[in-house]
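Biologist: Please take a close look at one residue of this model and at what lies around it. Then follow the links outwards, and explain each term when it comes up.

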Amino acid sequence: MKIIIPMAGRGSRLRPHTLTVPKPLIPIAGKPIVHRLAEDITRLSDEKIDEIAFITGDFGKDVEDKLIEIAEKLGAKGSVYHQDQPLGTAHAIYQAADSIDGPVIVAFADTLFRADFKLDTNSDGVVWVKSVEDPSAFGVVELDDKGVINRFHEKPKEFISDLAIIGIYYFKDGTRLKNEIKDLLSSDDNKEGGEFQLTTVLETLKTDGLKFTTGKVDEWMDCGNKKVTVETNTKILGFEKESFKEVPASSRVEKSLIIEPCFIGENVIIENSKVGPNVSIGDGTEIRNSNIDNSLIQENTTIDHGNLTNSMIGNYAEYYGVSRNISLGDYSILDFNSK
């Protein structure tokens, strides 16, 4: 079994945090988004994951090395491919053509999920879905009376179904998927909305006789912008709170109150502060004289006299003063006390 993870988008809705770090590598409760995604899929698969192929933009060697390290931590080979132009979901997947054969799982790296199910490898394909209030912003599926998908729609303007495709798919025959995408890419006439869409490929495969079923998730967590990323951090802390009870020996907490659930990284200093609930603090960060809840703070950052809630602060940032509900990117300095 292989996992194909397209992640070439620039994450513009999550700026300034994605100016220096690709969105899938932003940590949620101490682990990069893409690491959590690959880990969750690996845990759900009865088959061994042999390879994880990442499709990136021009993110540099350091990012590629981190991705390969993630795959190796999960016991798989790591491969990195590049998508130079944003030509759609099907185009992104095809960049990893050399790794697409046999059974494959395709998972787009801007989403996390929680589900209680096993992978149905007897199906030709599985598409994971979640009921949503406004399906017009998503690809959706229609089901027949046996629960088999009978049609795929890309962002329908009129209501057809509320079962939104969350961006995770299983294909029993990766080679057939690859060949169908190759045919789609052969002509610009096959574009929909100016892009080559995976839903077009799925509809063709269904018409050719393949049967796709759905996998339903209990929680679908987006990381598209600052607000929902902070909300996702809160949910992950709640799901895994038993894992975050201990403060690492390398970190120091003095004259402070930690309200669970919280993730505290290595070499963190917390003094004269109240932290939590629902706060993640990355390695090497120092927090003094502050009150922080429902926030996501990255590595090697300094916060002094902060009064923060529903906030997201990047790496190597410095924050001094008092405010509420902020979004501060990497290497930023914000000092309300300066004159």
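Modeller: Gly167 is in contact (heavy atoms within 4.5 Å) with Val106, Ala107 and Phe108, if neighbours within four places in sequence are left aside. The model is predicted, so local features need a pLDDT of at least 70 and side-chain atom pairs count only at pLDDT 80 or more, while totals for chains, interfaces and linings use all residues. Residues are numbered from 1 along each chain as its sequence is written, and side-chain values use heavy atoms, with hydrogens and water left out.

Gly167 belongs to strand 11, residues 163-171. Strands (E, at least two residues) and helices (H or I, at least four) are DSSP runs numbered from the N terminus. Gly167 counts as buried because its relative accessible area is 7%; buried means under 20%, exposed over 50%, and partly exposed in between, with a 1.4 Å probe and protein chains only.

From Gly167 we can step to Leu198, which is 31 residues away in sequence and 10.0 Å away in space, C-alpha to C-alpha. Leu198 is one of the helix 5 residues that meet helix 4: Arg176, Leu177, Glu180, Ile181 and Leu184 on the helix 4 side face Leu198, Thr200, Val201, Thr204 and Leu205. This contact is made up of 6 nonpolar, 2 polar and 2 charged residues. Here Ala, Val, Leu, Ile, Met, Phe, Trp, Tyr, Cys and Pro count as nonpolar, Asp, Glu, Lys and Arg as charged, and the others, Gly among them, as polar. Helix 4 (residues 174-185) packs against helix 5 at about 115 degrees, with the axes 10 Å apart. Axes are lines fitted to C-alpha atoms, for helices over the stretch in contact, and angles run from 0 to 180 degrees between N-to-C directions.

Helix 5 also holds a charged pair. Lys206 and Glu203 form a salt bridge at 3.5 Å, N to O; the term means a side-chain nitrogen of Lys or Arg within 4 Å of a carboxyl oxygen of Asp or Glu. Both lie in helix 5 (residues 198-207), 3 residues apart, about one turn of the helix. Lys206 is buried because its relative accessible area is 18%.

The whole structure has 19 salt bridges. Another of them pairs Glu240 with Arg36 at 3.0 Å, N to O. This one joins distant parts of the chain, 204 residues apart: Glu240 sits in the loop between helix 6 (226-239) and strand 14 (252-254), and Arg36 in helix 1 (residues 33-44). Glu240 and Arg36 are both buried. They share a salt-bridge network with Asp40, Arg43 and Arg114.

Helix 1 leads on to the largest nonpolar core, in which Ile5, Val34, Leu37 and Ile52 touch the most other members out of 44 residues. A nonpolar core is a set of buried Ala, Val, Leu, Ile, Met, Phe, Trp, Tyr and Cys residues joined through side-chain atoms within 4.5 Å. Helix 1 gives this core its largest share, 6 residues. A second, separate core of 31 residues includes Leu198, along with Ala53, Tyr81 and Val201.
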